[in-house]
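Trainee: I've got a model open and I'd like to learn how to read it feature by feature. Can we start with a helix?

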Amino acid sequence: MADINGNCDTKFDKVGEALAASLDDGDVGASVAVVVDGEVVVDLWGGYIDAARTTAWGRDTITNVWSTTKTMTALCALVLADRGELDLDAPVSAYWPEFAAAGKETVLVRHLLGHTAGLPDFEGPIAVEDLYDWPAVTARLAAQAPRWAPGSAGGYHSVTFGFLIGEVVRRVTGRSLGTFFAEEVAGPVGADFHIGLGAEHDHRVAPLLADPSGDKPPGFLIGVSDSHPVAWRRAELPAVNGYGNARSVAALQSALACGGVAGGVRLLSAAGAERVFEEQFHGVDRVLGTPMRYGLGYRLEGRTCSWGGWGGSVVLADADLRMTVAYVMNQVLWEDGYARGLGLVMAAYDAMTA
């Protein structure tokens with residue numbers, strides 16, 4: 001059985017066993033964390049940061065979590081809404097006047113969070129390198145017409161989500177999304193999560209490893225290899241290029257399971273945390289082609305809010321059990337990539353209900 005490091009309450013031994021089994025079954029390096037009622041009951045990691053399995057995954061190893069980053073971006077918006085600085089029912093153009101162009105004057109801030117704004121991708125060709133030019137990308141989105149009547153349908157905004165919400169945050173606060181997140185969310189909690197990674201952290205990064213079948217599925221803008229250059233790490237792409245580990249992801253998102261408190265720090269009022277469950281869309285997602293129920297920035301099921309990152313990372317917060325589970329890994333898998341994280345989530349539930 002794979003060696004696992006860290007700490008785990010004996011009640012949650014099954015979570016550690018599930019992580020070891022995943023590493024034995026082809027996972028390369030990974031971490032898992034569980035927070036219950038504000039207490040860290042699982043903080044485990046194992047495996048390696050490289051495909052050759054020569055360098056061990058350490059306590060402070062971090063990696064690109066792809067779309068799990070969206071939960072951090074949504075959390076920023078919820079924090080601002082809770083402070084009364086951002087009205088989620090206001091038109092986006094109230095904060096970003098240029099955005100009203102091409103029939104988007106009816107797009108509300110909550111439409112951005114609920115994937116119902118009608119801007120699931122970019123019109124015309126775009127390269128990964130183009131994403132590094134924030135003013136150009138946001139100007140492009142401001143000029144673009146929506147694909148559907150805003151609020152009338154849902155379609156996953158895989159890359160545009162971060163630019164849309166990030167620009168609203170920038171207009172409201174005068175700070176980039178990554179800076180606001182660092183100063184007002186991750187910093188106070190002491191969480192090791194970054195949107196725009198400083199050079200001082202490069203040595204801790206476990207590069208993502210492509211699926212054996214290829215760098216990216218057909219039709220995808222971004223491939224695993226695109227996450228390897230320094231320019232990617234330095235950029236702020238608040239939908240897809242956050243860096244962290246399971247400990248930091250679970251710590252921050254536990255605010256939504258624990259009435260607004262994360263790591264002993266109140267990020268949101270209880271009412272502000274509850275807003276995540278305001279349903280924005282329930283039906284078949286036009287982009288993903290699957291049934292989806294979106295709240296304010298998260299997938300909803302019962303009293304849980306969750307989201308995952310391309311190829312496997314996942315976080316789930318359960319407001320009834322006051323439990324948050326996160327899984328972060330470096331081996332990207334296209335087929336059943338989420339089975340690893342979901343197996344750990346189910347192991348945590350088994351422990352809670354035993």
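Mentor: Sure, and keep in mind that this is a predicted model. Take helix α2, residues 69-82: with 14 residues at 1.5 Å each, the helix should span 20 Å, and its end C-alpha atoms are indeed 20 Å apart, so the two agree.

Trainee: Is α2 enclosed or open to the outside, and how many of its residues are buried?

Mentor: Buried here means under 20% relative accessible area. In α2, 13 of the 14 residues meet that, so the helix is largely enclosed by the rest of the structure.

Trainee: What about the backbone on either side of α2?

Mentor: Just after α2, G84 has a positive phi of about 80°. On the other side, W66 sits in the loop between β4 (63-64) and α2. W66 is not a glycine, yet its phi is positive too, near 50°. Its relative accessibility is 2%, so W66 counts as buried.

Trainee: Which other residue that is not a glycine has a positive phi?

Mentor: Look at R322, with a phi of about 55°. R322 lies in the loop between β13 (314-318) and β14. At 33% relative accessibility, R322 counts as partly exposed.

Trainee: How do I describe two helices that pack together?

Mentor: Two packed helices are described by the angle between their axes and the distance between those axes. Here, try helix α4 (residues 134-143) and helix α5 (residues 160-173): the angle is about 100° and the axes are 10 Å apart. The pair is therefore roughly perpendicular.

Trainee: Which residues make the contact between α4 and α5?

Mentor: From α4 you have W134, V137, T138 and L141, and from α5 there are T160, G162, F163, L164, G166, E167 and R170. By type, the contact of α4 with α5 divides into five nonpolar, four polar and two charged residues.

Trainee: Is there a general reason for the spacing of residues on a helix face?

Mentor: An α-helix has 3.6 residues a turn, so residues three or four places apart point the same way. On α4, V137 and L141 are both among the contact residues.

Trainee: Let's do a strand. Where is T324, and is it buried or exposed?

Mentor: T324 belongs to strand β14 (residues 323-329). Its relative accessible area is 0%, so T324 is buried. Leaving out residues up to four places away in sequence, T324 touches A33, V34, V35, A250, Q253, S254, A257, V315, L316 and A317.

Trainee: A250 and Q253 are on that list. Which helix holds them?

Mentor: They are in α8, which covers residues 246-253 and is mostly covered, with seven of its eight residues buried. The buried ones are A246, R247, S248, V249, A250, L252 and Q253.

Trainee: And what does S306 touch?

Mentor: With residues up to four places away in sequence left out, S306 touches Y298, R299, V315 and L316. S306 is in strand β12 (residues 304-308) and is buried, with a relative accessible area of 9%. The C-alpha atoms of S306 and V325 are 9.5 Å apart, though 19 residues separate the two along the chain.

Trainee: How do I judge the whole protein?

Mentor: Begin with the inventory: 10 helices and 14 strands. For 354 residues, a compact globule would have a radius of gyration near 20 Å, and the protein's 19 Å agrees. The C-alpha atoms fill a box of roughly 60 × 40 × 40 Å along the principal axes, and 57% of the residues count as buried. Lastly, among contacts between residues at least 6 apart in sequence, 67% join residues at least 24 apart.

Conventions: Residues numbered from 1 in each chain as written. Predicted model: local features only at pLDDT ≥ 70, side-chain atom pairs only at ≥ 80, totals over all residues. Heavy atoms only, no water. Helix = DSSP H or I, 4+ residues; strand = E, 2+ residues; numbered from the N terminus. Expected span 1.5 Å × (residues − 1). Buried < 20%, exposed > 50% of the residue type's maximum accessible area, 1.4 Å probe, protein only. Axes fitted to C-alpha atoms, helices over the stretch in contact; angles between N-to-C directions. Parallel < 35°, antiparallel > 145°, perpendicular 65-115°, else oblique. Contact = heavy atoms within 4.5 Å. Nonpolar A, V, L, I, M, F, W, Y, C, P; charged D, E, K, R; others polar. Rg over C-alpha atoms; globule rule 2.2 N^0.38 Å.
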